[in-house]
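Reader: I've got this one open in my viewer and would like a close look at a single part of it. Could you walk me through the sheet and what sits around it?

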Amino acid sequence: MPDNPLKRLFSTARDVMYGMASHDMSRYALRTRASMEHLFILITMGDLLGVPILPPYYSLRLLPYVVPQISTWKRRMLRERDITDALG
Amino acid sequence: MPASQLSTLVKQKPYLMWGGKGGLGKTTFSAATGYWLSEQGKKVLVFSVDPQASLSDIFKQDIFGKGPVKIKDNLWAQEIDADSHIKAYQQEIRQKILDLYGFSEVPEEVENYIQAASAEPAMEESAIFDAVVDIVVTGSYDYYIYDLVPLGHALYYLSMAKVYDEWINKITRLRQEMAEYEQVANVMKRQKASEEDQILHELQYIKGRINASSSILTDRQKTAFFFVVVPEEMIILDTQKAAELFARFEVPIAGYVVNRVVPTELAQQNVPEYLKHRITMQQRYLTEIGSTFGNQVLAQVPELERDVTGLPAIEQLARIMYG
């Protein structure tokens with residue numbers, strides 16, 4: 001696609017600005033969201049780790065939606081932690 | 001205490017619950033009330049959520065898990081089969097997982113969870129109370145007579161509903177916060193808005209169900225809760241305690257009906273000392289019931305010469321209770 005060089009310049013500048021200013025912020029937002037997702041699964045599906053949190057009749061309803069996250073969530077919850085986690 | 005007081009109260013509310021300790025006559029009174037209302041030309045459903053339900057026995061007809069079964073004109077009875085309800089529900093969840101991800105079978109880990117979850121004791125209560133919502137919301141009866149589980153279960157469910165409600169509020173908030181973070185990231189990356197959160201929808205649905213089922217028990221406009229008592233010390237004490245707990249959960253208590261009162265006329269006749277003692281004892285406890293529950297005592301039902309099963313006996317009892 002032949003592009004207007006001025007437009008390209010703008011677009012590049014925008015990407016650079018994004019990289020400098022908001023990339024970290026959006027990464028942070030996504031990470032926070034992922035943590036919350038795991039927290040959410042823990043609250044609703046705690047039984048999977050052997051931590052029953054609430055009667056499961058209704059939490060079963062939520063199960064289908066979290067199936068893809070379950071394996072990463074388990075890995076994260078059951079991972080051993082050490083001092084480097086706190087530093088990172 | 002005129003019997004008409006009971007009939008006036010019973011007619012006023014569409015959801016009538018009979019509660020009390022086990023074996024005092026909840027099922028019997030539910031059946032008799034249903035019978036009487038149906039004779040008044042009202043469409044009535046008597047239903048039980050007790051896994052050891054005895055509506056089948058009282059109507060002398062196997063109705064367990066068969067949906068509403070017609071007993072006579074205007075009168076239906078239903079016993080909920082919690083087990084098959086849970087099985088169907090599990091199957092629904094499995095199917096949803098298969099459909100959502102195009103799996104040919106449910107992943108083992110997830111299947112194990114489904115199995116384990118269903119083995120929990122609370123599962124049955126929740127399933128039953130959830131089924132009640134369907135019955136009451138979709139039914140087209142004038143009256144729903146609810147032959148309750150023994151008090152403990154009902155209290156347990158009411159308290160569970162409260163916890164559930166708060167729990168759902170919390171996770172709904174968490175879910176909304178998650179959506180906000182995602183939105184922030186999207187705006188910064190200049191991506192389009194993410195798809196709607198299905199889970200949030202489910203949570204709102206669940207909240208609605210829980211509120212519906214607990215409000216059936218606590219709706220002042222529609223519900224009347226009747227306690228069955230018998231003139232015995234322990235029962236009076238237990239009922240008093242239960243009534244306090246129920247009041248705390250805002251269950252509208254309409255009154256008390258005393259069952260198994262041995263007719264005092266018998267004492268005048270030539271009866272054994274044993275029976276005379278029983279009558280004296282009962283009179284003492286009846287006075288106590290009167291002073292404890294006051295004008296909330298709606299009726300006294302005599303000890304009948306035989307147990308109440310089958311329609312003719314139910315009819316006889318209905319006449320005693322409602323005139």
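To start at one spot: which residue in S8(B) is the bridge partner of B:Val261?

Author: Keep in mind that this is a predicted model. The partner you're after is B:Pro302, which pairs with B:Val261 from its place in S8(B). That pair belongs to a bit of the sheet where strand S7 (residues 253–261) of chain B runs parallel to S8(B), the two being joined by 4 bridges.

Now step back to the whole sheet. It's an open one of 8 strands in chain B, and if you read across it you get S3-S4-S2-S5-S1-S6-S7-S8, with mixed pairing. Strand S3 (69–72) and strand S8 (297–302) of chain B sit at the edges with a single partner strand each, so each has one side without a neighbour in the sheet. Going from one strand to the next, the twist averages 25 degrees.

What lies on the sheet? Helix H9 (residues 233–248) of chain B packs there, touching strand S6 (223–229) and S7 of chain B. The direction of H9 makes about 165 degrees with that of S6(B).

While you're in chain B, have a look at helix H8 (residues 198–218), which packs with helix H2 (residues 59–78) of chain A. Their axes are 10 Å apart, at an angle of about 175 degrees, and that is over 145, so H2(A) and H8(B) are roughly antiparallel. From H2(A), the contact uses A:Arg61, A:Leu62 and A:Tyr65, while H8(B) brings B:Gln198, B:Ile199, B:Glu202 and B:Ile206. Sorted by type, the contact residues are 4 nonpolar, 1 polar and 2 charged.

Key
Residues numbered from 1 in each chain as written. Chains lettered and ligands numbered in written order. Predicted model: local features only at pLDDT ≥ 70, side-chain atom pairs only at ≥ 80, totals over all residues. Axes fitted to C-alpha atoms, helices over the stretch in contact; angles between N-to-C directions. Parallel < 35°, antiparallel > 145°, perpendicular 65-115°, else oblique. Contact = placed C-beta atoms within 7 Å. Nonpolar A, V, L, I, M, F, W, Y, C, P; charged D, E, K, R; others polar. Pairing = 2+ DSSP bridges.
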